[in-house]
Amino acid sequence: MILGISGSGRADGTTSDVIKYILEKTGQEYEYVSLAGKKINGCIGCTRCAADSFCKVEDDWQEIGRKMLKADAVVFGAPDYYDTINALAHACLERTYCFRHLEKYKLAGKLAVGIAVDGPEINSGVIKYIKRVMDSNQMAVLDTFQVDGYSQCFSCGFGIDCAAGTVVDRHGFLDEIEDRHLPLKFEEQKEKKLEAYKIAKTLGSILEERKN
């Protein structure tokens, strides 16, 4: 089973679109989880996980952690916030430290795919962090890739004349935001969609081979 996790605070954004697409195209059994609306705290350094390698902080991460342990592969995606991963996704990945005690590495060998969602001109630290966590858990990182995101500035209602926003940065001050100004949705990013499809097919093929 493949577990897809969208780290975005938005339930139905680009991050979720990409992950759902990859999951569907693998041809394998999968489960999708969105972190939107969930309460996930960061690690508090209590060390209560050391004995059995499972976090004892009671919140919504507990269920996600158990799903990660059961999965054969994990597809994790998150948006870029200030040139790094968003806080909700960071907290989720940070808590996987509990899986690494006493050289047990409970996620070791699980196939993994990391996805960053950000601007077309940005080379963010999102992928770097996701891969670092996956590597530290001894997961088998199949691939990582970046997809162009849809900045909140285009939908907040004030983007046309906000000097600090993405809309003005890319198009200057506008009287109104027209379709030609809008970032491409994932469905419209042909090269990115092809890349996602190839990753999905490879992931699905490997998992199918492992069954035999």
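Is Y105 buried, partly exposed or exposed? A few notes on this predicted model follow, starting with that residue.

1. **Y105.** With a relative accessible area of 25%, Y105 is partly exposed, because the buried class stops at under 20% and the exposed class begins at over 50%. This tyrosine sits in the loop between α3 and β5. Its backbone deserves a look while you are there: phi of Y105 is near 45°, a positive value in a residue other than glycine.

2. **Y82.** Here is another non-glycine residue with a positive phi, in this case about 55°. Y82 belongs to the loop between β3 and β4. Its relative accessibility is 85%, so Y82 counts as exposed.

3. **V75.** Moving inside, V75 is part of strand β3, which covers residues 73-81. Its relative accessible area is 0%, so V75 is buried. Leaving aside residues up to four places away in sequence, V75 touches I2, L3, G4, I5, I19, I22, L23, V113, I115 and L203. Take L23 from that list: 52 residues separate V75 and L23 in sequence, yet their C-alpha atoms are 8.1 Å apart in space.

4. **The largest nonpolar core.** This core has 34 residues, and those touching the most other members are I5, I40, W61, I64, F76 and I85. Two or more residues come from each of β1 (2-6), α2, β3, α3, β5 and α4. The biggest giver is α4, with six residues. As general background, nonpolar side chains tend to be buried together in soluble globular proteins.

5. **F76 and the other core.** F76 is a good residue to centre your view on. Its contacts, not counting residues up to four places away in sequence, are I5, I19, I85, A89, C92, L93, V113, G114, I115, I130 and M134. Apart from the largest core lies another, of 20 residues, with A73, F145, V147 and A200 among them.

6. **Helices α2 and α3.** In α2 (61-70), the buried residues are W61, Q62, I64, G65, K67 and M68. Their cover includes β1, β2 (30-34) and α3. Helix α3 spans residues 87-94, and its buried residues are L88, A89, A91, C92 and L93. These pack against α2, β3, β4 (84-85) and α4. When you look down either helix, a reminder may help: an α-helix has 3.6 residues a turn, so residues three or four places apart point the same way.

7. **The cavity.** How many cavities of 30 Å³ or more does a search of the whole structure find? The search finds one, with a volume of about 50 Å³. Lining this cavity are M68, V74, F76, L93, T96, L107, V133, M134, N137 and M139. The elements giving two or more residues to the lining are β3 and α4 (126-136). By class, the lining has eight nonpolar, two polar and no charged residues. M68, listed above as a buried residue of α2, and L93, listed as a buried residue of α3, both appear in the lining.

8. **The largest pocket.** This pocket has a volume of about 620 Å³. It is lined by 25 residues, and D80, D118, Y150, S151 and Q152 are the closest to its centre. At least two lining residues come from each of α1 (14-25), β3, β5 (111-118) and α5. The lining divides into seven nonpolar, ten polar and eight charged residues.

9. **The second largest pocket.** About 150 Å³ of space lies here. Of its 14 lining residues, C43, G45, C46, T47 and C49 lie nearest the centre. Eight of the lining residues are nonpolar, three are polar and three are charged.

10. **Q189.** One last residue to inspect is Q189, in the loop between α5 (166-171) and α6 (190-211). With a relative accessible area of 4%, Q189 is buried. A polar atom of the Q189 side chain lies 3.1 Å from the backbone oxygen of L184. Beyond residues up to four places away in sequence, Q189 touches V147, D148 and L184. V147 also turns up among the residues of the 20-residue core.

Key:
Residues are numbered from 1 along each chain as its sequence is written. This is a predicted model: local features need pLDDT of at least 70, side-chain atom pairs count only at pLDDT 80 or more; totals for chains, interfaces and linings use all residues. Side-chain values use heavy atoms; hydrogens and water are left out. Helices (H or I, at least four residues) and strands (E, at least two) are DSSP runs, numbered from the N terminus. Buried means under 20% relative accessible area, exposed over 50%, partly exposed in between (1.4 Å probe, protein chains only). Contact means heavy atoms within 4.5 Å. A polar contact is a pair of N or O atoms within 3.5 Å; within protein, one must be able to donate a hydrogen and the other to accept it, and residues adjacent in sequence count only if both atoms are side-chain atoms. On a 1 Å grid over the protein atoms alone, a cavity is a set of points where a 1.4 Å probe fits but cannot get out, and a pocket is an open set with protein on both sides within 12 Å along at least five of seven lines; lining residues have an atom within 4 Å of a point. Grid points are joined across faces, edges and corners, and a volume is the space filled by probe spheres set on the points. Ala, Val, Leu, Ile, Met, Phe, Trp, Tyr, Cys and Pro count as nonpolar, Asp, Glu, Lys and Arg as charged, and the others, Gly among them, as polar. A nonpolar core is a set of buried Ala, Val, Leu, Ile, Met, Phe, Trp, Tyr and Cys residues joined through side-chain atoms within 4.5 Å.
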